[in-house]
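Visitor: Could you pick one part of this model and take a close look at it for me? I would like to see how it fits with the rest.

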Amino acid sequence: MNGRFDFLVLHLLCKENMYGFQIIKKLFDATDGEIEMKTGTLYPLLQSLENNGYIAANLVPINGRNRKVYHITENGRIFLSEQKERWVKYRTIANKILEL
């Protein structure tokens with residue numbers, strides 16, 4: 001399944017700070033396997049979100065390894081809110097067309 005992964009990742013990070021594999025697993029579990037994001041898709045997306053100032057990361061020791069744990073920034077929250085509004089509007093329009 002393809003789609004707006006930036007929007008989905010930001011939504012997850014709005015709920016809790018996570019490292020890459022946690023994001024992949026959360027998307028997979030929450031969608032009953034419909035979204036099986038690969039690391040080659042996720043990490044460039046995370047880099048882009050970080051470059052745009054929507055997320056930031058800290059190195060955190062987890063199980064003896066330093067992991068890059070991501071969190072949403074205030075700019076990320078604003079962007080996410082705007083994207084949610086656009087998604088609701090798109091969904092409403094699509095439903096009207098599908099009801100024809």
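Guide: L10 lies in helix 1, where helices (H or I, at least four residues) and strands (E, at least two) are DSSP runs, numbered from the N terminus. The model is a predicted one, in which local features need pLDDT of at least 70 and side-chain atom pairs count only at pLDDT 80 or more, while totals for chains, interfaces and linings use all residues. Residues are numbered from 1 along each chain as its sequence is written, and side-chain values use heavy atoms, with hydrogens and water left out.

With a relative accessibility of 0%, L10 is buried. The word buried means under 20% relative accessible area, exposed means over 50%, and partly exposed is in between (1.4 Å probe, protein chains only). Not counting residues up to four places away in sequence, L10 touches L49, Y54, I55, I72, G76, F79 and L80, a contact being heavy atoms within 4.5 Å. The C-alpha atoms of L10 and R77 are 7.9 Å apart in space, although 67 residues separate the two in sequence.

Helix 1 has further buried residues: F5, D6, F7, V9, L12 and L13 are buried along with L10. The buried residues of helix 1 pack against strand 1 (18-19), helix 2, helix 3, strand 2, strand 3 and helix 4. One link to helix 4 can be followed from the other end. Q83 is found in helix 4 (residues 74-98) and is buried, at 8% relative accessible area. Leaving aside neighbours within four places in sequence, Q83 is in contact with R4 and F7.

Helix 3 also belongs in this picture, since L49, a contact of L10, is among its buried residues, with L42, L45 and L46. These cover an arc of only 105 degrees around the axis, which puts them on the same side of helix 3; the arc is that of the directions from the helix axis to the C-beta atoms. An α-helix has 3.6 residues a turn, so residues three or four places apart point the same way. On the other side of helix 3, G40 and N51 are exposed. The buried residues of helix 3 pack against helix 1 (5-15), helix 2 (20-30), strand 2 (55-62) and strand 3 (65-72).

After helix 3 comes G53, whose phi is positive, near 80 degrees. G53 is in contact with N75, and so is Y54, when neighbours of N75 within four places in sequence are left aside. Y54 also touches L10. N75 has its place in helix 4 and is partly exposed, at 47% relative accessibility. From N75 to F28 the C-alpha distance is 26 Å, with their positions 47 residues apart in sequence.

As for the whole, the protein chain has four helices and three strands, in the order α-β-α-α-β-β-α along the sequence. Of its 100 residues, 29% are buried. Among contacts with a separation of 6 or more, 46% join residues 24 or more positions apart. Along the principal axes, the C-alpha atoms fill a box of roughly 55 × 30 × 20 Å.
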